[in-house]
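Reader: Before the labels are used, I would like to see what each one rests on. Please take them one at a time.

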Amino acid sequence: MRAKGFLVAALAGLTAIPALAQTDAKAHAPTATAPRTNAPAATASAEPFVLHELAPGVYAAIDGPAHQAGSNAGIIIGDDGVAVVDSFFTPKAAQALVAAVHRLTDKPIRYVINTHYHLDHTGGDGVLKAAGAVIIAQTNVRTWLHSENPHLLGDHMTPALKAEIDALPEPDITVDRRLTLWLGARRVELRYWPGHTGGDLVVSVPDAKVVFCGDLFWNHVSPNLIDGTVSQWIATDAGLAKAPDAEATTFVPGHGEVGRIDDLIAFKGYLSTLSADVVAARVQGLSGQTLSDDVAARMKTRYGDWSAFGYFIPKEIGFMAAELDGTKVVPQPASPEAGK
Ligand SMILES: [Zn+2]
């Protein structure tokens, strides 16, 4: 299923920053002066997200049409408690998520699992912690929450966002590579995969055939490559697509609608095409703006209808060229064991 309509730009989720909203994925990139009235407030739902039951006790909370959640999240209900996957961008959206869990079950929220450090997935961690959750994240996230989120926000940083970042609680449990979580008889597998930030966890619920991919999978949404290593990312998505039961698995992306294996493969194809097109343009001797315009035009013929394409593609090309040059700057692991 395709992500339709407008999408918030910079993190594909920072709706709390009005200047970043755009109404049409095919429109030009929003500017700092983009009027708030472009946002389709009339279509905003009461909830910042839409709940989808994917299997008994397993839900995807998909960012709503007004993108007030800022990203997707998940709810996994076991025999004796609940694990939440990601906490959205704003505390307000996280409060709505906690309320949704309490409507679904009387069981306690025992864990929140961060798929990565980006603020659009961790901004509500304080709310989840106050609701009783133990915070679990990949080892690098414990450092990067505070050291890297300012870089992620860049020019969009405000004093309020800085205060929000400074107040983010650190994970209580960190995972280098793998962790198995038991919610009674329900097994939840957390596994480190490289590509998007170098500190990403994929969360699987094997009995439900549901995989929460975080931002290693964007479903028909152009991705943010700011911390990405595309060569690793392609290999990761190939690995996820080869998992046992992949054909029967529901893949929940970090952004966009709930997907299946063909959507995951389409996203891998986006990254592969971007990489191949930048390589081809360089072989032709193109560089700088000429290279960017050439690759953007090629990519547009195949992916121009993906959400946020117009905003992200020039940035993606720059990041891809830097990766090929060996000059791409990515967050550095907290320790050699913490993934790289
Ligand atoms: Zn995200």
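Author: A definition comes before the strands: two strands pair if DSSP finds at least two bridges between them. The model discussed here is predicted.

Reader: What makes E9 and E10 a pair?

Author: Five bridges join E9 to strand E10 (residues 200-205). At least two are required, so E9 and E10 pair, and they run antiparallel. One of the partnerships links Trp 193 to Asp 200 in E10. In the hairpin of these strands, six residues lie between them, and Gly 195 there has a positive phi near 135 degrees.

Reader: How do you know that E8 pairs with E9?

Author: By the test of at least two bridges, the six bridges between strand E8 (residues 178-183) and strand E9 (residues 186-193) make them a pair, again antiparallel. Arg 178 stands opposite Arg 191 in E9. The hairpin of E8 and E9 has two residues between the strands, and Gly 184 takes a positive phi near 65 degrees in it.

Reader: Why is Phe 88 called buried?

Author: The cut-off is 20 or more other C-beta atoms within 10 Å. Phe 88 has 32, so Phe 88 counts as buried. Phe 88 sits in the loop between strand E4 (82-85) and helix H1 (91-104). Its phi is positive, about 70 degrees, although Phe 88 is not a glycine.

Reader: And what makes His 220 buried?

Author: With 24 other C-beta atoms within 10 Å, His 220 meets the requirement of 20 or more. His 220 lies in the loop between strand E11 (210-212) and H7. This residue is not a glycine either, yet has a positive phi of about 55 degrees.

Reader: How do you know that the span of H8 is close to what is expected?

Author: The expected span is 1.5 Å times one less than the number of residues. H8 has 23 residues, for which 33 Å is expected, and H8 reaches 33 Å from its first C-alpha to its last. The two values agree as printed.

Reader: What makes the contact of H8 with H9 a mixed one in residue classes?

Author: The residues of the contact divide into eight nonpolar, one polar and five charged. Tyr counts as nonpolar, Thr as polar and Arg as charged. Among the H8 residues that make the contact are Tyr 270, Thr 273 and Arg 282. The helices pack at an angle of about 145 degrees, with axes 10 Å apart.

Notes:
Residues numbered from 1 in each chain as written. Predicted model: local features only at pLDDT ≥ 70, side-chain atom pairs only at ≥ 80, totals over all residues. Axes fitted to C-alpha atoms, helices over the stretch in contact; angles between N-to-C directions. Helix = DSSP H or I, 4+ residues; strand = E, 2+ residues; numbered from the N terminus. Contact = placed C-beta atoms within 7 Å. Buried ≥ 20, exposed ≤ 12 C-beta atoms within 10 Å, placed from the backbone.
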